[in-house]
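User: I am new to this structure and would like to go through it by question and answer. Please show it first.

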Amino acid sequence: MPVKILSVDDEIDLELLLTQYFRRQIRKGEYEFKFAHNGLEALTMLLKEKDFDIILSDINMPEMDGLTLLTKINEMQNPALKCIMVSAYGDMGNIRQAMNNGAFDFATKPIDLDDLSVTIEKAIEQIGYIKQMQKEHTQLESIKGDLAVAREIQQAILPRIFPPFPEEADKMDIAASMNAAKDVGGDFYDFFRIDDDRIGFVIADVSGKGVPAAIFMAVSRTLIRATGIRGGNPSECITYSNALLGKESVNNMFVTVFYGIYNIKTGEVSYTNAGHNPPYLMKEDGKLERLPMTGDMAIGIFEDLHYHEATLQLEKGDTLLLYTDGVTEATNRQEEEFKEARLEQTLKNVAGQTCQQVIDTIKADVKTFADGAEQSDDITLLALKKK
């Protein structure tokens, strides 16, 4: 597209002078000149044709002078439209005012066309830079909108209705929360009914951040849920999920997972811990225990791994607290970490409370500790209690 230049001057000779001097650029389609003879006529043209790039305007003109025209152009708020003001050499007061009012540059009469050509080239360079920035800004706004939608989708695929199993409300309590550090996160939690007696529950943390982690999170969550619903034990579910994820993993991504199956009638929990933070068992009297690891690594790294499992017996009032390292590694303004010791103290203070109260208290304590420091990792929690 040619650079469109609007020359505004009441001297008719300038039109011939410009078209003659820039005839090669005009013939090549690099420049396109249009002419107006006063500010009012120029403003009318600008309102009709909004794709002008450069305004070459005299200051002293009838009907509407160049300074007034410059004010009107500024009101259009188009940073890619550059104004070069022209006036007599001795008219430095008006030239200075024009520059203070946002003119890109100026030329003095009689116009040195070689110098004007250099000024136009400088303006074109600035216009190209601004248009590129505007294009990138538009792209960023589009990405921002897409991320907002992706965040809504990600939140929608996680269970958000509590209690999730109202028919079992007298036997168990369960709650969960995920707060992403960025627009979208790599953590996830899930729980689902396997059969009349068993509930599957999972918490996981994908390596990395942002969109790649979010996509890997969605794949991992779907795969573990689809496999878990079939009814196999935790080690079978994670072994199968790992085999599939290991084949599809890109950029060495992996996910730490704790997957458990809770028997509502007996209170037994069977679980596999694939490299995840060991959950806490909270007794009703405030005592804490960390669940033993099952000796397994994160899934998605090696395909041919067999995962193990362990069992746990929940007694009445026991609460199982699962979390991701975004909790214990949350930092404050002094770059100190929250760590396990503070989490354990919080858990001792919430003994006997509901799962939602436990989660809300932990989040509040982490926020107070951070003291306004930027969240660096996703913070995800899941609590399950035997009533």
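**Empty space, burial and shape**

User: Which residues line the second largest cavity?

Analyst: This is a predicted model, in which local features need pLDDT of at least 70 and side-chain atom pairs count only at pLDDT 80 or more, while totals for chains, interfaces and linings use all residues. On a 1 Å grid over the protein atoms alone, a cavity is a set of points where a 1.4 Å probe fits but cannot get out, and lining residues have an atom within 4 Å of a point. For the second largest cavity, the lining consists of Pro163, Pro164, Phe165, Ala169, Met172 and Ile174.

User: How do the residues of that lining divide into nonpolar, polar and charged?

Analyst: Residues are numbered from 1 along each chain as its sequence is written, and side-chain values use heavy atoms, with hydrogens and water left out. Ala, Val, Leu, Ile, Met, Phe, Trp, Tyr, Cys and Pro count as nonpolar, Asp, Glu, Lys and Arg as charged, and the others, Gly among them, as polar. The second largest cavity, with about 40 Å³ of space, has a lining of no charged residues, no polar residues and six nonpolar ones.

User: What volume does the largest cavity have?

Analyst: The structure holds two cavities of 30 Å³ or more, where grid points are joined across faces, edges and corners and a volume is the space filled by probe spheres set on the points. Helix H1 (13–21) and strand E2 (31–36) each give two or more residues to the lining of the largest cavity. That lining has four nonpolar, two polar and three charged residues, with Asp9, Phe35 and His37 among them. The volume of the largest cavity is about 50 Å³.

User: Which helix gives the most to the lining of the largest pocket?

Analyst: A pocket is an open set of grid points with protein on both sides within 12 Å along at least five of seven lines. The largest pocket holds about 280 Å³ of space, and of its 17 lining residues Val366, Lys367, Ala370, Gln375 and Ile379 lie nearest the centre. By class, its lining has six charged, six polar and five nonpolar residues. H9 and H11 each supply at least two lining residues, and the element giving the most, with four residues, is H11.

User: On which side of helix H10 do the buried residues lie, the same side or opposite sides?

Analyst: Helices (H or I, at least four residues) and strands (E, at least two) are DSSP runs, numbered from the N terminus. In H10 (residues 339–349) the buried residues, those under 20% relative accessible area with a 1.4 Å probe and protein chains only, are Leu343, Thr346 and Leu347. Because the directions from the helix axis to their C-beta atoms cover an arc of only 100°, these residues lie on the same side of H10.

User: Which residues are exposed on the other side of H10?

Analyst: The buried residues of H10 are covered by elements including strands E11 (280–282), E12 (288–290) and E14 (319–323), and helices H9 (325–328) and H11 (355–370). Exposed means over 50% relative accessible area. On the other side of H10, the exposed residues are Ala341 and Asn349.

User: How far apart are the C-alpha atoms of leucine 320 and lysine 385?

Analyst: Leucine 320 is found in strand E14 and is buried, with a relative accessible area of 0%. Leaving aside neighbours within four places in sequence, its contacts (heavy atoms within 4.5 Å) include Phe201, Leu312, Leu382 and Leu384. Leucine 320 and lysine 385 are 65 residues apart along the chain, yet their C-alpha atoms are separated by 6.2 Å.

User: What is the relative accessible area of serine 57?

Analyst: Serine 57 lies in strand E3 (residues 54–58). Leaving aside neighbours within four places in sequence, serine 57 is in contact with Val8, Gly66, Leu69, Ile84, Met85 and Val86. Serine 57 is buried, and its relative accessible area is 2%.

User: What radius of gyration does the protein have?

Analyst: The C-alpha atoms fill a box of roughly 100 × 40 × 35 Å along the principal axes. The radius of gyration is taken over C-alpha atoms, and the globule rule is 2.2 Å times the number of residues to the power 0.38. A compact globule of 387 residues would come near 21 Å, but the protein has 34 Å.
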